[in-house]
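Biologist: Could you walk me through the nonpolar core of this protein? I would like a close look at that one part, with its surroundings filled in as you go.

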Amino acid sequence: MRKDKDFEAQKEALMKEVRSVLQEVENLYDAGVESGTVEAKALKAKAQAQLGKVKSQFADFEAAASAKAHEAADRAREA
């Protein structure tokens, strides 16, 4: 049971950190575009598309990891 709590705590800390990193990257892209150049705006659009894709993949990963962790915890409790 202790290992499940440790795993959950580590997983939550990791997920929090990844979310923070993604937010910081998004903020950096937004700040970099404030120069207003055409090239910067094109780069921002491309980066936003890629960031959106990464966020979607991360959300899918997070949901799957959470489901697997809960399933494992349930199996451990039933054993």
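Modeller: Happy to! The largest nonpolar core consists of 5 residues, namely M15, L22, L51, F58 and A65. Two elements, α1 and α2 (38-78), each give two or more residues to this core. Helix α2 provides the largest share, with 3 residues. Please keep in mind that this is a predicted model.

Let's start with M15, which sits in helix α1, spanning residues 2-33. Why does M15 count as buried? Its relative accessibility is 3%, and because the cut-off for buried is under 20%, M15 qualifies. Leaving aside residues up to four places away in sequence, M15 is in contact with F58, F61, E62 and A65. Of these partners, F58 and A65 are also listed in the core. M15 and F58 lie 43 residues apart along the chain, yet their C-alpha atoms are separated by 9.1 Å.

Now for L22, another member of the core. With residues up to four places away in sequence again set aside, L22 touches L51, V54, K55 and F58. So F58 appears among the contacts of M15 and among those of L22, while L51 is a core residue that L22 touches.

Finally, here is the setting for this core. The whole protein has 2 helices and 0 strands. Buried residues account for 14% of its 79 residues. The protein exposes about 6,200 Å², and carbon and sulfur atoms supply 58% of that area.

Key: Residues are numbered from 1 along each chain as its sequence is written. This is a predicted model: local features need pLDDT of at least 70, side-chain atom pairs count only at pLDDT 80 or more; totals for chains, interfaces and linings use all residues. Side-chain values use heavy atoms; hydrogens and water are left out. Helices (H or I, at least four residues) and strands (E, at least two) are DSSP runs, numbered from the N terminus. Buried means under 20% relative accessible area, exposed over 50%, partly exposed in between (1.4 Å probe, protein chains only). Accessible areas come from the Shrake-Rupley method with a 1.4 Å probe; for residues, only the protein chains shown count as cover. Contact means heavy atoms within 4.5 Å. A nonpolar core is a set of buried Ala, Val, Leu, Ile, Met, Phe, Trp, Tyr and Cys residues joined through side-chain atoms within 4.5 Å.
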